[in-house]
Amino acid sequence: MHLSLVQIDKPFIKVNCTALPEQLVESVLFGHVKGAFTGADRANRGLIRHADKGTLFLDEIGELPLSTQKSFLRVLQERAFCPVGSQEECKSDFRLISATNRDLAVMAKQNLFRDDLLYRLRGMSLNLPPLSEREGDIPLLVDHFLNRLIQRYGQ
C-alpha cells in the first residue's frame, strides 16, 4: 500500500510565516476585497482559498502573530473565514501541514502561542531532531547531494 500526503493534481500552497509582514498576514492568508485598505486596488483570494481541495503548508508556524492565530484557529475548526474588508464568509477544505523549529508548548506556556491552536495542530506530530544529533544521516545526505550534482553536471 502506498500512502501519499500530497496529491499531484491538487494545489500545494507553501507559506513561509517568517516572511509575512505582520500588517499583511491576514490579507495574504484570508484574502481581501478591493478597497479594504490603502493599496488594495483589487481583490485577492488569499492563500487559504487557493489551497481548497489541496494542502496548505505553513512553514515556521511559530512565527504566526497571536492576532492571526485566533482567526486561523476558526479556519481549522469551521473551514470558513471572511476576507479582510468583507462580511461574506468563504469556505476552504484543505489538509494542513505545519513545521517549526520552535517549542510551541513552551511558547504556549509563555503566552506567545495559542494553546487551543497547538491542540489542533497536534493531530499528528513528528519530532525530527537536529542533524547534529543524527550524525549517521550525514553520509547519506552527502551521497544524495553528490549524486545530484554528478547527474546535473555530467561528472
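1. **Asp137 and Arg134.** In this predicted model, Asp137 is partly exposed, at 26% relative accessibility. Its partner is Arg134: the two side chains meet in a salt bridge, 2.7 Å from N to O. Arg134 is also partly exposed, with a relative accessible area of 23%. Neither residue falls under the 20% that would make it buried.

2. **Asp116 and Arg114.** Here is another salt bridge, with the closest N and O atoms of Asp116 and Arg114 2.7 Å apart. Asp116 has 32% relative accessibility and counts as partly exposed. Arg114, at 25%, is partly exposed too.

3. **Arg74 and Glu89.** How far apart are the closest N and O atoms of Arg74 and Glu89? They are 2.5 Å apart, and the pair forms a salt bridge. Look at where the two partners sit. Arg74 belongs to helix 3, residues 66–78. Glu89 is in the loop between strand 3 (80–81) and strand 4 (90–91). The bridge therefore ties together parts that are 15 residues apart in sequence. Arg74 is partly exposed, at 28% relative accessibility. Glu89 is partly exposed as well, at 39%.

4. **A network, and the total.** Arg74 and Glu89 do not stand alone: together with Glu78 they are linked in a network of salt bridges. For the structure, the count comes to six salt bridges.

5. **Cysteines.** How many disulfides does the structure hold? The number is zero. A disulfide is a covalent bond between the sulfur atoms of two cysteines. Two sulfur atoms must lie within 2.5 Å to count as such a pair. Take Cys17. The closest cysteine sulfur to its own is in Cys90, 20 Å away, so the gap is too far for a bond. Cys17 is also buried, at 4% relative accessibility. Now take Cys82. Its closest cysteine sulfur is again in Cys90, at 7.0 Å, and that is too far for a bond. Cys82 is partly exposed, with a relative accessible area of 31%.

6. **The nonpolar core.** In soluble globular proteins, nonpolar side chains tend to be buried together. The largest nonpolar core in this model has 27 residues. Those with the most contacts inside the core are Val15, Leu29, Ile48, Leu56, Leu58 and Phe72. Which elements give two or more residues to this core? They are strand 1 (12–16), helix 1 (25–30), strand 2 (55–59), helix 3, helix 4 and helix 5. Helix 3 gives the most, with four residues. Recall that helix 3 also holds Arg74, from the salt bridge in point 3.

7. **The largest pocket.** Rolling a probe the size of a water molecule over the atoms shows where empty space is left. The largest pocket has a volume of about 1,000 Å³. Its lining is made up of 29 residues. Nearest its centre lie Ser98, Ala99, Met124, Ser125 and Leu126. Strand 5 (95–99), helix 4 (104–109) and helix 5 (115–121) are the elements that give two or more residues to the lining. Strand 5 gives the most, with five residues. Helix 4 and helix 5 serve both the pocket lining and the core.

8. **What kind of lining?** How many nonpolar, polar and charged residues does the lining of the largest pocket have? It has 16 nonpolar, six polar and seven charged residues.

9. **Two backbone angles to check.** Glu60 is not a glycine, yet it has a positive phi of about 60°. Glu60 sits in the loop between strand 2 and helix 3. It is buried, with a relative accessible area of 17%. Arg79 is another residue other than glycine with a positive phi, near 55°. Its place is the loop between helix 3 and strand 3. Is Arg79 buried or partly exposed? Arg79 is partly exposed, with a relative accessible area of 27%.

10. **The segment after helix 6.** Helix 6 covers residues 137–153, and Gly154 is found in the segment after it. Gly154 is exposed, with a relative accessible area of 65%. Compare its position with that of Asp103. The two are 51 residues apart in sequence. In space they are 43 Å apart, C-alpha to C-alpha.

Definitions and conventions. Residues numbered from 1 in each chain as written. Predicted model: local features only at pLDDT ≥ 70, side-chain atom pairs only at ≥ 80, totals over all residues. Heavy atoms only, no water. 1 Å grid on protein atoms, 1.4 Å probe; cavity = no way out; pocket = protein on both sides within 12 Å on 5 of 7 lines; lining within 4 Å. Points joined across faces, edges and corners; volume = space filled by probe spheres on them. Nonpolar A, V, L, I, M, F, W, Y, C, P; charged D, E, K, R; others polar. Buried < 20%, exposed > 50% of the residue type's maximum accessible area, 1.4 Å probe, protein only. Salt bridge = Lys/Arg side-chain N within 4 Å of Asp/Glu carboxyl O. Core = buried A, V, L, I, M, F, W, Y, C linked by side-chain atoms within 4.5 Å.
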